[in-house]
Amino acid sequence: MSRLVKKSPSVCTDLPLDSTDTRKKLRILLQLLKSCIGPKGRLKLIHNNIGGNVTTSTSSVLLSAISSTQPLVNLIKTSIFNHVCRFSDCGLFAAVFCLALIEQTKLSGLRGHVAIGLYKRFLDLCTAYLQQEDCGCKMKLDYNSSHDLIKLASSVISSKPACVLTEPEVLHISRLSVQAFLLTVPCSSTGGLRLGKTATLPVEGLSVKTSAVFPGLLVDMPDSLPPNQAESFAPRPLRVVVFSASLAGDLSEIGDGLIEVNPGADAHSQILDQLLELGKGAVNDEVKLFVCQKVVHPVLQQYLRSQDVVVMERMGVALMEPLLQLTETGARPVATVHTSIPAKAYGSVSSLSTLQFGSKKMLHLLPVGDSSVCSMVLCHRNDTLLSELKVVCQKTENVMRLTLKEPYVLLGGGCTETHLAAYVRHKVVDEAAGMAPALGCSGEECLLGVEGFCRALESVAMALEHDGGNCAVDLKHAHHWILPADGGREDTEDSLGVCSCGLVEGGPGEPRAFLNTGYPHFSPAPLRRDAAVQPRVFDSFTAKINALQVAVETANLALDVRFVIEDTN
């Protein structure tokens with residue numbers, strides 16, 4: 001017996017950021033994300049609702065696993081996650097900067113609409129400066145050598161400690177990532193540039209140094225393939241046909257609806273006859289590699305193998321695109337079993353061979369001519385580390401692809417953050433008298449706003465230190481320095497070494513200040529670029545600029561929320 005339940009009214013919360021509970025949750029999220037940043041970031045063990053565990057320090061995995069009943073937390077999380085999905089990097093930077101901006105605004109007591117206007121103006125200053133050719137924290141990427149690309153890849157990979165890689169292993173994977181990226185860039189292109197694909201194959205139980213990159217496409221060896229069949233083909237082009245439709249004989253491509261069958265007719269036999277006719281057509285057209293995205297009927301498989309045709313089923317969506325790119329003429333997937341195979345659907349590969357990594361056997365397909373498809377075999381000691389490494393390598397490739405559009409990098413290690421903070425603070429303090437009236441605020445509010453904005457930027461750099469050390473900024477170039485925990489404040493100016501990005505070398509008498517204390521504003525002096533001294537850590541230029549914009553816009557959106565209306569039913 002059903003019963004009626006009275007619908008509960010929606011709950012309306014006024015000024016959610018004034019709520020102690022909301023600010024507490026945002027503070028916890030900020031501390032959680034801060035602890036993950038950088039090569040020495042702390043790992044997070046995520047326990048899902050079905051008993052599985054994932055160890056990660058990657059923002060995409062971490063953000064997708066965080067759940068909250070607080071709408072503002074979900075708003076910020078979704079905004080940052082969308083940035084990571086598009087740009088693959090700087091997710092933790094965007095999240096920490098956004099949350100720190102909100103926190104600094106509430107601590108300073110700035111009115112919400114004033115803070116929003118100020119932060120928009122400061123964001124414009126940052127983006128305009130970063131786009132300048134003489135920007136002090138930007139470098140042009142040198143494509144004449146692979147060194148810059150390897151350093152960029154190494155910066156991304158080493159910032160993910162959940163991969164548990166040694167320095168030689170980081171360097172090895174970085175080189176492989178660059179090699180795979182370069183193989184996906186076509187040597188020549190007519191019209192628009194179309195990048196190739198990298199297929200990633202994980203192999204558990206082997207050393208990371210065993211990982212390798214191969215031109216062409218590697219796929220798992222079908223269990224039913226005779227050991228020597230792939231090696232039996234002469235070194236000549238082999239015709240390929242690819243099906244995206246199911247060949248299991250279950251009529252899955254028809255979808256929902258009624259099927260009329262004549263009395264006495266055997267529907268299964270008729271479908272099987274149709275599949276066999278399709279197979280005979282492929283054999284008559286001299287097909288040697290028969291590929292299906294889904295399942296192939298066992299009888300059809302048996303017939304094709306008897307005709308010396310290699311059958312590969314259950315390829316999956318991920319491998320379909322690189323496979324189609326690999327074939328000489330670009331084989332077109334056949335999406336139906338109700339017609340004969342059209343001639344334009346066929347493609348070719350130059351050879352078919354086998355490779356073995358540990359206990360895993362793979363088929364190696366090579367293109368007839370030049371192709372921008374390659375395969376990366378990733379090895380690691382266990383499945384958890386391998387899953388994290390696979391995600392990181394895919395993101396590294398995406399970061400390198402961004403450099404094709406904008407061939408620049410930013411200085412890493414927190415130096416870009418401290419340099420930007422010094423630039424904006426100096427610019428605004430010098431122009432506060434003229435800037436404040438244009439933004440509809442007082443000069444005091446303008447100075448409060450820029451101090452909060454710059455402290456939020458510096459907090460990202462400070463989050464890179466997890467072992468109790470002190471973070472400082474030199475008062476000449478505004479680079480970031482990490483000092484040992486046992487160093488006293490009086491030793492700041494006499495500390496030697498290099499800054500976090502490796503570009504500025506310190507010396508006695510050079511003034512520095514701790515980041516968590518006030519220091520006089522100054523204009524960062526440009527560096528004399530010495531070819532012998534190169535940065536050791538890079539950040540993605542394109543990803544960081546977008547992360548900066550997303551962080552400020554998301555913080556402004558949160559500060560602008562007046563009411564939150566929740567449906568409690």
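A charge is said to sit over a ring when NZ of Lys or CZ of Arg is within 6 Å of the ring centre and within 35 degrees of the ring normal. Keep that in mind as you look at lysine 140, whose charged end sits over the ring of tyrosine 408, 4.9 Å from the ring's centre. The structure you are looking at is a predicted model. This briefing walks you through its aromatic rings, two of its sheets and one of its helices.

**Charges over rings**

- The charged end of lysine 140 lies 4.9 Å from the centre of the tyrosine 408 ring, and it sits over that ring.
- Lysine 544 offers another example: its charged end sits over the ring of phenylalanine 93, with 4.7 Å to the ring centre.
- Phenylalanine 93 also turns up in a cluster, where ring pairs link Phe93, Phe97, Tyr119, Phe122 and Phe453.

**Aromatic pairs**

- Searching the whole structure turns up 10 aromatic pairs.
- One of them joins tyrosine 129 and tyrosine 423: the ring centres are 3.9 Å apart and the planes meet at 15 degrees, so this pair counts as stacked, since stacked planes are under 30 degrees apart.
- This pair links distant parts of the chain, because tyrosine 129 belongs to helix H5 (residues 112-131) and tyrosine 423 to helix H12 (residues 415-438), with their positions 294 residues apart.
- Are these two tyrosines buried or exposed? Tyrosine 129 has a relative accessible area of 8% and tyrosine 423 has 14%, so each is buried, as the cut-off for buried is under 20%.
- Tyrosine 519 and phenylalanine 522 make a tilted aromatic pair, with 6.3 Å from centre to centre and 50 degrees between the planes.
- Tyrosine 519 counts as buried at 12% relative accessibility, and phenylalanine 522 is buried at 12% as well.

**The sheet E7-E13-E12**

- Three strands in the order E7-E13-E12 form an open sheet with antiparallel pairing.
- Which strands stand at the edges? They are strand E7 (217-220) and strand E12 (351-357); each has a single partner strand, so one side of each is left without a neighbour in the sheet.
- From one strand to the next, the twist averages 30 degrees.
- E7 and strand E13 (residues 360-366) run antiparallel and are joined by four bridges.
- If you want to find one bridge yourself, look for aspartate 220, whose bridge partner in E13 is methionine 362.
- Helix H10 (residues 317-326) packs on this sheet and touches E7 and E13, and the direction of H10 makes about 135 degrees with that of E7.

**The sheet E17-E16-E18**

- Another open sheet has three strands in the order E17-E16-E18, and its pairing is antiparallel.
- Its edge strands, E17 (480-483) and E18 (512-514), each pair on one side only.
- Here the twist averages 35 degrees from one strand to the next.
- Four bridges connect strand E16 (residues 470-474) with E17 in the antiparallel sense.
- Within this pairing, asparagine 470 stands opposite leucine 483 in E17.

**Helix H4**

- How far should the 18 residues of helix H4 (residues 91-108) span at 1.5 Å a residue? The expected span is 26 Å, and the end C-alpha atoms are 26 Å apart, which agrees.
- H4 is mostly covered, as 13 of its 18 residues are buried.
- Just after H4 comes glycine 109, which takes a positive phi of about 80 degrees.

Notes: Residues numbered from 1 in each chain as written. Predicted model: local features only at pLDDT ≥ 70, side-chain atom pairs only at ≥ 80, totals over all residues. Heavy atoms only, no water. Phe/Tyr/Trp six-rings, centres within 6.5 Å; stacked < 30°, edge-to-face > 60°. Helix = DSSP H or I, 4+ residues; strand = E, 2+ residues; numbered from the N terminus. Buried < 20%, exposed > 50% of the residue type's maximum accessible area, 1.4 Å probe, protein only. Pairing = 2+ DSSP bridges. Axes fitted to C-alpha atoms, helices over the stretch in contact; angles between N-to-C directions. Contact = heavy atoms within 4.5 Å. Expected span 1.5 Å × (residues − 1).
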